[in-house]
Amino acid sequence: DTRRLSDGPHEVAGCAVDFAGNRGCSTPATLRVDNTAPSAPRGLGVVGGDDWRSANAFDLRWANPGQGVAAPVFAVRYRVTGPGSYDSGLRTIAATEALSGLKVPTAGIYRFTAWLVDAAGNEDATSAAAATLRLDDVDPVAFLLHPEDEAPELLRATVSDAHSGPAGGVISYRRQGGGEWRDLPTRFEPDGADALLSATFPSDDLPPGRYDVRTRVRDRAGNEAVSDRRPDGTRLVLKAPLKEETRLEARLIGPRSSGRSIRVPFGTPARIRGRLTGDGGRGVAGKTVVVTVRPGSGSRSGRSVRLLKTGTDGGFAMRLAPGVSRRVT
């Protein structure tokens, strides 16, 4: 029963004795015994590290422990498990310390488990080593968002990546019809499998015209994608300048004159009215108008300033007590 013998080589011989006491033995033969499964592979790992990668080819390395007087390592068994209850099944390769070009079926995180078999047939699947395989060969998805009316110069893009996750991106623009894309300083805000990019479109610094916008994004595995589309499938096109100039004008009406600047005579009280208007003569409400009162030459009185808030129709008003002649602007 070889289970009672220690691992390693043993000698066995046969001897015979006759009735006269003569003894004769055969030449010893070597009997090699091994009842112990090998320990786990040492230092099992993915060449290049176990971070996300976009190439579906994994190289693994390990070291087989020395067996001493026991049976040498004869084979390596391994299996790969992963998403969706994937199981490669049990696979066997010769006694090696490397496996090159291992592929997995789809993007995701997988577990590679390996153990050793010796020449005596001993193996123990619980005495195994494991490594993690991470594959993401799917490009991230990005969409440009239409700028909000309150901030038309703020450009935003959403990024999603179901596997390794977004790693960064940039928003760019160019003159419509061709030309070089210009990258904008872009803020990256990750949130798990999603992210938000934001940048400011410099419309006031650009020649008037229409401009195309795009975003270029990447994930942690190195996959890149370029998008010039909004979620509805249309392109985002901006014009410069985004903000139209508005001409503002304030006019005063006094006791004897009207205009941007009026004169109030000596000793005359006055109620001064005014109105702030924009393009098309529309009143501009809720704005502060600075009204300056300057006394005539020779007066000891100093200049005074009043801040008046325009009403719903852009109007404003103030009163002046009798005094020296004054210029109101």
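Glutamate 189 is partly exposed, because its relative accessible area of 30% falls between the limits of 20% for buried and 50% for exposed. In this predicted model, the side chain of glutamate 189 meets that of arginine 187 in a salt bridge, with an N to O distance of 4.0 Å. Arginine 187 has a relative accessibility of 55% and therefore counts as exposed.

The strand that runs from 187 to 191 is S17, an edge strand that pairs on one side only. S17 ends an open sheet of 4 strands, ordered S13-S14-S18-S17, in which the pairing is antiparallel. At the other edge is strand S13 (141-145), which likewise pairs on one side only. Disregarding direction, neighbouring strands of this sheet are turned by 20° against each other on average. Within the sheet, strand S14 (residues 154-160) and strand S18 (residues 194-200) run antiparallel and are joined by 7 bridges. One position in this pairing is valine 159, which stands opposite alanine 195 in S18.

Strand S25 (residues 270-277) takes part in pairings as well. Strand S22 (residues 249-253) runs antiparallel to S25, and 5 bridges join the two. Isoleucine 253 has arginine 273 in S25 as its bridge partner. S25 is also joined to strand S28 (residues 315-320), again antiparallel, by 6 bridges. Here alanine 270 stands opposite leucine 320 in S28.

A search of the whole structure gives 12 salt bridges. The table lists some of them.

| Acidic residue | Basic residue | Closest N to O distance |
|---|---|---|
| Aspartate 51 | Arginine 220 | 3.5 Å |
| Glutamate 189 | Arginine 187 | 4.0 Å |
| Glutamate 249 | Arginine 260 | 4.0 Å |

Which parts of the chain does the salt bridge between aspartate 51 and arginine 220 tie together? Aspartate 51 lies in the loop between strand S5 (42-46) and strand S6 (58-63), and arginine 220 in the loop between strand S19 (209-219) and strand S20 (224-227), so the parts tied together are 169 residues apart in sequence. Aspartate 51 has 43% relative accessibility and so counts as partly exposed.

Glutamate 249 forms its salt bridge with arginine 260. This pair links distant parts of the chain, 11 residues apart: glutamate 249 is in strand S22, while arginine 260 is in the loop between strand S23 (258-259) and strand S24 (262-264). Glutamate 249 counts as partly exposed because its relative accessibility is 29%. Elsewhere, Asp1, Arg3 and Arg4 are joined into one network by salt bridges that share partners.

Leu5, Val12 and Leu31 make a nonpolar surface patch of about 220 Å². Leucine 5 is placed in the segment before strand S1 (8-12). With 33% relative accessibility, leucine 5 counts as partly exposed, and this value satisfies the patch criterion because that criterion asks for over 30%.

The protein as a whole has 29 strands and 0 helices. Its C-alpha trace spans about 165 × 45 × 30 Å along the principal axes. The radius of gyration is 43 Å, whereas a compact globule of 329 residues would have one near 20 Å. Of the 329 residues, 34% count as buried.

How values were computed:
Residues are numbered from 1 along each chain as its sequence is written. This is a predicted model: local features need pLDDT of at least 70, side-chain atom pairs count only at pLDDT 80 or more; totals for chains, interfaces and linings use all residues. Side-chain values use heavy atoms; hydrogens and water are left out. Two strands pair if DSSP finds at least two bridges between them. Axes are lines fitted to C-alpha atoms, for helices over the stretch in contact, and angles run from 0 to 180 degrees between N-to-C directions. Patches are made of residues with over 30% relative accessible area and no salt bridge: like charges are joined within 9 Å, nonpolar side chains (Val, Leu, Ile, Met, Phe, Trp, Tyr) within 5 Å. Accessible areas come from the Shrake-Rupley method with a 1.4 Å probe; for residues, only the protein chains shown count as cover. Buried means under 20% relative accessible area, exposed over 50%, partly exposed in between (1.4 Å probe, protein chains only). The radius of gyration is taken over C-alpha atoms; the globule rule is 2.2 Å times the number of residues to the power 0.38.
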